[in-house]
Amino acid sequence: MSNPLQSHPPHILSLLDRLHAESTTQESSISRSTYATPSTDSFHTLMRDKFIALEQDKCHFIYQLARTLNATTIVEAGTSFGVSTIYLALAVTDNLSANGAAHGKGAVIATEYEPAKAEQARKHWAECGESISSVIDLREGDLRETLKTNLPDQVDMLLLDIWTPMALPTLKLVQPKLRYGAVVLADNTVSSAQGYKDLLEYVRAPGSGFSTVTLPYKGGLEMSVYLPGR
């Protein structure tokens, strides 16, 4: 499989390979049945120091998709250790550069509830360098509060890589800012279909304004294009 990021700085590619390997090792030690109770205290304690990063092939896809959309404003719900955030930031900076606005306005608005994860994510972004860290706006705390205000007028993409009960509330917060043709991605919508029940019913409902398809990645990846009536 070719890497769509192969023209980017080697130190960033090496970092991403290392982080994906660490994430895969962590996940292999966690039983799939553990995810059946994502709202318990013991579950949150277990996951407090885990990556739970988007798989590398999905990250390559979201980078390519963001480039296709010419996305310069992206919201990521569930940043964790900031792995997928790097891909989104690379896409935003590449799009700004291609638009002749290397120092123009663009942002990946990232969200993380756990302070320790947010701290580690910042370290990873700093390792990438200023060109990446400078376009990331990390908002710590409950995203139902941190995304309530100060969103850009136009959002090109929303990535939902978060505990399933938070997915629909997050979409409803960001939806008023989604531009026509914006894309919403939700991870593991097949393996966690029951948890995503409300979200999937919402985007698949007639008249929702969304055109949605389940992509055949591991666990399922729901891609919904926002096409409201004009």
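This note goes through the sheet, its helices and the side-chain pairs of a predicted model.

1. **The sheet.** Seven strands make up an open sheet with mixed pairing. Their order is β3-β2-β1-β4-β5-β7-β6. The edges are β3 (136-140) and β6 (210-215), each of which pairs on one side only. On average, neighbouring strands of this sheet are turned by 15° against each other, direction ignored.

2. **A parallel pair within the sheet.** How do β1 and β4 pair? Strand β1 (residues 73-77) and strand β4 (residues 155-160) run in the parallel sense, over four bridges. For I74, the bridge partner in β4 is M157.

3. **Helix α5.** This helix spans residues 115-128 and lies across β2 (107-112) and β3. Its direction is at about 165° to β3. Helix α5 also has a side-chain link to β3. R122 forms a salt bridge with E140, and the closest N and O atoms are 2.8 Å apart. R122 lies in helix α5 and E140 in strand β3, so the pair ties together parts that are 18 residues apart in sequence. Are these two residues buried or partly exposed? R122 counts as partly exposed, because its relative accessibility is 38%. E140 is also partly exposed, at 37%.

4. **Helix α9.** Residues 197-204 form this helix, which lies across β4, β5 (178-187), β6 and β7 (221-226). Helix α9 runs at about 130° to β6. A salt bridge sits inside the helix: K197 pairs with E201, the closest N and O atoms being 2.8 Å apart. The two residues are four apart in helix α9, so about one helical turn separates them. K197 is partly exposed, with a relative accessible area of 37%. E201 is partly exposed too, at 47%.

5. **Other salt bridges.** Salt bridges that share partners join R18, E22 and E127 into one network. The structure holds 14 salt bridges. Another one links the side chains of E145 and K148, at 3.3 Å from N to O.

6. **T85.** This residue is found in helix α4 (residues 83-98). Is T85 buried or exposed? T85 counts as buried because its relative accessible area is 0%, and the cut-off for buried is under 20%. What does T85 touch, leaving aside its neighbours within four places in sequence? Its contacts are E76, T79, V108, A110, W125 and I136. Look at these with the elements already named. E76 falls in the span of β1, residues 73-77. V108 and A110 fall in that of β2, 107-112. W125 falls within helix α5, residues 115-128. I136 starts the span given for β3, 136-140.

7. **Aromatic pairs.** How many aromatic pairs does a search of the whole structure find? The search finds two. In one of them, the rings of F61 and Y217 have their centres 5.6 Å apart and their planes at 45°, so this pair is tilted. F61 lies in helix α3 (residues 56-68) and Y217 in the loop between β6 and β7, so the pair ties together parts that are 156 residues apart in sequence. Y217 is partly exposed, with a relative accessible area of 23%.

8. **The pair between β6 and β7.** F210 and Y226 form a tilted aromatic pair, with 4.8 Å centre to centre and 40° between the planes. F210 lies in strand β6 and Y226 in strand β7, so the pair ties together parts that are 16 residues apart in sequence. F210 counts as buried, because its relative accessibility is 11%. Y226 counts as buried as well, at 12%.

9. **Cysteines.** How many disulfides are there? The count comes to zero, with a disulfide taken as a pair of cysteine sulfur atoms within 2.5 Å. Two cysteines can be placed by burial. C59 counts as buried because its relative accessibility is 0%. C128 is buried, with a relative accessible area of 4%. C128 is also a residue of helix α5, residues 115-128.

Notes:
Residues are numbered from 1 along each chain as its sequence is written. This is a predicted model: local features need pLDDT of at least 70, side-chain atom pairs count only at pLDDT 80 or more; totals for chains, interfaces and linings use all residues. Side-chain values use heavy atoms; hydrogens and water are left out. Buried means under 20% relative accessible area, exposed over 50%, partly exposed in between (1.4 Å probe, protein chains only). Two strands pair if DSSP finds at least two bridges between them. Axes are lines fitted to C-alpha atoms, for helices over the stretch in contact, and angles run from 0 to 180 degrees between N-to-C directions. Contact means heavy atoms within 4.5 Å. A salt bridge is a side-chain nitrogen of Lys or Arg within 4 Å of a carboxyl oxygen of Asp or Glu. Rings of Phe, Tyr and Trp (its six-membered ring) pair if their centres lie within 6.5 Å; planes under 30 degrees apart count as stacked, over 60 as edge-to-face and the rest as tilted.
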